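User: Please take a close look at one part of this protein, the surroundings of the ligand, and connect them to the elements that supply them.

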Amino acid sequence: MTGPGNSDVNDSVAFEIRTREGKPVLIRAVRPEHRDALIDMVADCSSADLRLRFFSTSNVAAADLLSRVFSDRSDTETLLAVEPEAVPGRGVVYGIAQLVRIPGTDTAEFAIMVRSSAKDHGFGYELMRALLTEARRRRFKHVFGEVLQENVRMLQMARELGFAVRRSDMGAGVVRVDIALEGAAEAPKSE
Ligand SMILES: CC(C)(COP(=O)(O)OP(=O)(O)OC[C@H]1O[C@@H](n2cnc3c(N)ncnc32)[C@H](O)[C@@H]1OP(=O)(O)O)[C@@H](O)C(=O)NCCC(=O)NCCS
């Protein structure tokens with residue numbers, strides 16, 4: 001049990017990765033100890049980045065994300081954080097990614113956010129790889145995300161990771177990226 005929102009994630013889930021600059025960081029399941037660091041991370045995100053993530057610059061959506069960390073959605077939700085510290089929540093959180101099961105299916109929806117001041121160091125890419133590894137471990141067959149069409153960076157990263165870009169039911173301006181995990185390229189090995 002790793003705490004609310006993550007009890008299906010093994011406590012030992014941790015990926016030791018290096019940034020593009022060679023800096024070691026950890027990607028691990030979000031725990032209650034991350035609360036303050038996550039609030040700080042959201043406060044450090046620009047309106048433009050909040051809109052790319054939540055399709056709204058309102059703080060309501062971000063507050064909802066934070067509340068999930070402490071609500072019991074363990075059967076459906078996985079949350080991963082990337083941080084430099086060995087002790088969970090002691091330092092900054094550079095980014096967070098979530099995987100939410102579509103009820104009654106083997107499909108999960110992902111979402112990801114890197115704090116604005118920590119972009120371009122490879123955290124987003126490594127979080128996505130860790131998320132796909134976790135999705136495989138949980139035996140999901142499909143993973144998808146809804147992305148604003150203007151979010152060129154995210155779309156390029158998704159393509160590099162093997163996602164296909166399709167039309168979304170969410171309407172104009174939004175596309176769906178999805179990947180079938182069977183036969184997909186291996187994500188990085190976990191501990
Ligand atoms: C989109 C977002 C998640 C990207 O995260 P990031 O940490 O800034 O991005 P990264 O540094 O990992 O870089 C991604 C880029 O590197 C590539 N990349 C990074 N590490 C790599 C590696 N080890 N090997 C190969 N490619 C790599 C990616 O394809 C992409 O290319 P670019 O630098 O040429 O643009 C981040 O900018 C963000 O949170 N944006 C706001 C919220 C959002 O858009 N969320 C997505 C909607 S769900």
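Analyst: Around the ligand lie 23 residues, of which L52, V114, K119, G124 and Y125 come nearest; a residue is near a molecule if its C-beta atom, placed from the backbone, lies within 6 Å of it. This is a predicted model, in which local features need pLDDT of at least 70 and side-chain atom pairs count only at pLDDT 80 or more, while totals for chains, interfaces and linings use all residues. Residues are numbered from 1 along each chain as its sequence is written.

Two or more residues of the shell come from each of α2 (47–54), β5 (107–114), α4 (123–137), β6 (142–148) and α5 (152–160). Helices (H or I, at least four residues) and strands (E, at least two) are DSSP runs, numbered from the N terminus. With 5 residues, α5 gives the largest share of the shell. By class, the shell has 10 nonpolar, 6 polar and 7 charged residues. Here Ala, Val, Leu, Ile, Met, Phe, Trp, Tyr, Cys and Pro count as nonpolar, Asp, Glu, Lys and Arg as charged, and the others, Gly among them, as polar.

Three of these elements, β5, α4 and β6, make a right-handed β-α-β unit; right-handed means that, with the strands pointing away from the viewer, the path from the first strand over the helix to the second runs clockwise. In this unit β5 and β6 pair in the parallel sense over 3 bridges, and A108 has V143 of β6 as its bridge partner. Strands pair if DSSP finds at least two bridges between them. β6 is also joined to β8 (residues 174–180), antiparallel, by 7 bridges, and there L148 has V174 as its bridge partner.

Side chains alternate along β6: V143, G145 and V147 point to one face and are buried, whereas H142, F144, E146 and L148 point to the other and are not. Buried means that 20 or more other C-beta atoms lie within 10 Å of the residue's own, exposed that 12 or fewer do, and partly exposed in between, with C-beta atoms placed from the backbone.

The helix α4 also serves the largest nonpolar core, giving 7 residues, the largest share. That core has 41 residues, and L80, I96, L127 and L131 have the most contacts inside it. A nonpolar core is a set of buried Ala, Val, Leu, Ile, Met, Phe, Trp, Tyr and Cys residues joined through C-beta atoms within 7 Å. Not counting residues up to four places away in sequence, L80 touches I96, L127 and L131, among others; contact means C-beta atoms, placed from the backbone, within 7 Å.

Technical notes
Contact = placed C-beta atoms within 7 Å.
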